[in-house]
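Open the structure in your viewer and keep the selection tool at hand. The tour below goes from one selection to the next.

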Amino acid sequence: AHVADRWTSHYSAFMTYANTLMCVEDMTAVPPAVAQTRPTVFGAVPRVWEKFKAALEAGYPGDLLDDARRDPAIGEALRVKLGLDEAAWVVTGAAPTPIAVVEFFGALGLPLCEVLGMSEVSCCVAVNAPGALRAGSVGRPLDTVEVMLASDGEVLVGGPQVMKGYHGAPEKTAEAVD
């Protein structure tokens, strides 16, 4: 139901590119579904990445992060275990992702591409591309948007994908859109 999933899975990937889409009924079904389908692109909110990290660390007898940094074969084996060994792009967004989580998956050979988006902008505003990652950053704005900071720190976004307003809520629209 999250806008990022709807946009990337249903509208863009499925309808435009005819990618295969697998839906699961609850969060406990995500890890086995990922392992079964071996996606080439996978995105999740930070909490999912945190749970993947915790599960991998719980089943490992030492310091997984240090060992993976020293031995790339460990990261490769864990990517296979997760089902992300064929993933060319893994994405996280919808909330800040802890740096420790970003660094952990980077050490496994799964560089998390952090993104900034929201429903009001039809999903993405900015993205860290696989070749230009900066942990703790949401990357650069897409070519189709203009981004600036207001004097109070609010992020202002303009462009063709920004909503026209909230349906049936003119007062909320007036508050959000100028």
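Select V155: is this residue buried, partly exposed or exposed? V155 has a relative accessible area of 41%, which lies between the 20% and 50% cut-offs, so V155 counts as partly exposed. The model you are looking at is a predicted one.

**Stop 1: around V155**

Keep V155 selected and show the secondary structure. V155 belongs to strand β7, which covers residues 155–158. Now add V147 and L149 to the selection. Together with V155 they make up a nonpolar surface patch, and the accessible area of the three comes to about 250 Å².

**Stop 2: charged pairs**

Clear the selection and turn to charged side chains. Side chains of opposite charge can pair when their charged atoms come close. In this model the count of salt bridges is four. The next stops visit three pairs, D85 with R38, E50 with R47, and K53 with E57.

**Stop 3: D85 and R38**

Select D85 and R38 and show their side chains. They form a salt bridge in which the closest N and O atoms are 2.9 Å apart. This pair links distant parts of the chain, with the two positions 47 residues apart in numbering. D85 sits in the loop between α5 (72–82) and β2 (89–92), while R38 sits in the loop between α2 (30–37) and β1 (41–44). Colour both by accessibility. D85 is partly exposed, at 32% relative accessibility, and R38 is partly exposed as well, at 23%.

**Stop 4: helix α3, E50 and R47**

Move to helix α3, residues 46–58, and select E50 and R47. Their side chains meet in a salt bridge with an N to O distance of 3.2 Å. The two residues are three apart in the helix, about one turn. E50 has 24% relative accessibility and counts as partly exposed. R47 also counts as partly exposed, at 48%.

**Stop 5: helix α3, K53 and E57**

Stay in helix α3 and select K53 and E57. How far apart are the closest N and O atoms of this salt bridge? The distance is 3.1 Å. K53 and E57 are separated by about one helical turn because they are four residues apart in helix α3. Is K53 buried or exposed? K53 has a relative accessibility of 16%, and the cut-off for buried is under 20%, so K53 counts as buried. Its partner E57 is partly exposed, with a relative accessible area of 32%.

How values were computed:
Residues are numbered from 1 along each chain as its sequence is written. This is a predicted model: local features need pLDDT of at least 70, side-chain atom pairs count only at pLDDT 80 or more; totals for chains, interfaces and linings use all residues. Side-chain values use heavy atoms; hydrogens and water are left out. Buried means under 20% relative accessible area, exposed over 50%, partly exposed in between (1.4 Å probe, protein chains only). Patches are made of residues with over 30% relative accessible area and no salt bridge: like charges are joined within 9 Å, nonpolar side chains (Val, Leu, Ile, Met, Phe, Trp, Tyr) within 5 Å. Accessible areas come from the Shrake-Rupley method with a 1.4 Å probe; for residues, only the protein chains shown count as cover.
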